[in-house]
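Please look over the sequence and the model together before reading on. The report that follows moves from a single helix to the cores in which side chains gather.

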Amino acid sequence: MERLQEAAAEGRIDLDELDARLEVALKARTYAELAVVTADLPGPSSSGAPSPLVLKGGVYGVSHGPGRWEVPERVIAHGGVGGVRVDFTRVECRLREVEVEAHGDTAGVTVVIPDGWAADTSGIDPGAGGLTDETTSARLPGTPLVRLTGSAGMGGVVIRHPNRRERRKLNSNPTQS
């Protein structure tokens, strides 16, 4: 809510937009629902450093994506009991690197990256749940490198490209936001 008020003070959104977004923020039940209200706003002007996107699986789990969203330099995902899924397949990312700090906890974390993106998984502790890396090393020019850090915990961490079902959905509706 503070970021929305800052954006209104900076003139980035008007008062009607502020009211609408505050209403959505107050009704949000997950971090993913909350992130939507500030996704199109730059980070807070006071800190200078962009804040990370924090996703917590909690009891019911959380999925971020596959819609369009602004990719921060750092994503922190805690699988909790319900698990977390971070889907980068429909994003337009201008960053050269994105750090995904994954903590598998009990249910695990799944990260889906588009074809052409590459992953570096050397910074993650496989823990008891293990790390599954189903990505290819064929990185296309101008695409980000996803650096996976953290601990797989009991639930494990999976990083992969879209599966067959996800590819069909992406191909059948390539402009979905």
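Two residues are said to be in contact when heavy atoms of theirs lie within 4.5 Å. The model shown here is a predicted one, and its helix 2 offers a good place to begin.

Helix 2 covers residues 15-27, and at 1.5 Å a residue its 13 residues should span 18 Å, which agrees with the 19 Å that separates its end C-alpha atoms. Within helix 2, the residues Leu18, Arg21, Leu22 and Ala25 are buried. Seen down the axis of helix 2, these buried residues fall within an arc of 105°, so they line one face of the helix. That buried side packs against helix 1 and helix 3, whereas the face turned away from it carries the exposed residues Asp16 and Lys27. At the N-terminal end, Asp14 acts as a cap of helix 2, with a side-chain oxygen 3.2 Å from the backbone nitrogen of Asp16.

The helices concerned in this packing are listed below.

| Helix | Residues |
|---|---|
| helix 1 | 2-9 |
| helix 2 | 15-27 |
| helix 3 | 31-36 |

In soluble globular proteins, nonpolar side chains tend to be buried together. The largest nonpolar core of this model has 28 residues, of which Leu55, Phe88, Val100, Val111, Ile113 and Leu148 touch the most other members. Strand 5, residues 97-103, gives the most to this core, with 3 residues. If neighbours within four places in sequence are left aside, Val100 is in contact with Val75, Phe88, Val111, Val146, Arg147, Leu148 and Thr149. Apart from this core lies another, of 9 residues, which include Ala7, Ala8, Ala25 and Leu41.

Terms used: Residues are numbered from 1 along each chain as its sequence is written. This is a predicted model: local features need pLDDT of at least 70, side-chain atom pairs count only at pLDDT 80 or more; totals for chains, interfaces and linings use all residues. Side-chain values use heavy atoms; hydrogens and water are left out. Helices (H or I, at least four residues) and strands (E, at least two) are DSSP runs, numbered from the N terminus. The expected span of a helix is 1.5 Å times one less than its number of residues. Buried means under 20% relative accessible area, exposed over 50%, partly exposed in between (1.4 Å probe, protein chains only). The arc is that of the directions from the helix axis to the C-beta atoms. A polar contact is a pair of N or O atoms within 3.5 Å; within protein, one must be able to donate a hydrogen and the other to accept it, and residues adjacent in sequence count only if both atoms are side-chain atoms. A nonpolar core is a set of buried Ala, Val, Leu, Ile, Met, Phe, Trp, Tyr and Cys residues joined through side-chain atoms within 4.5 Å.
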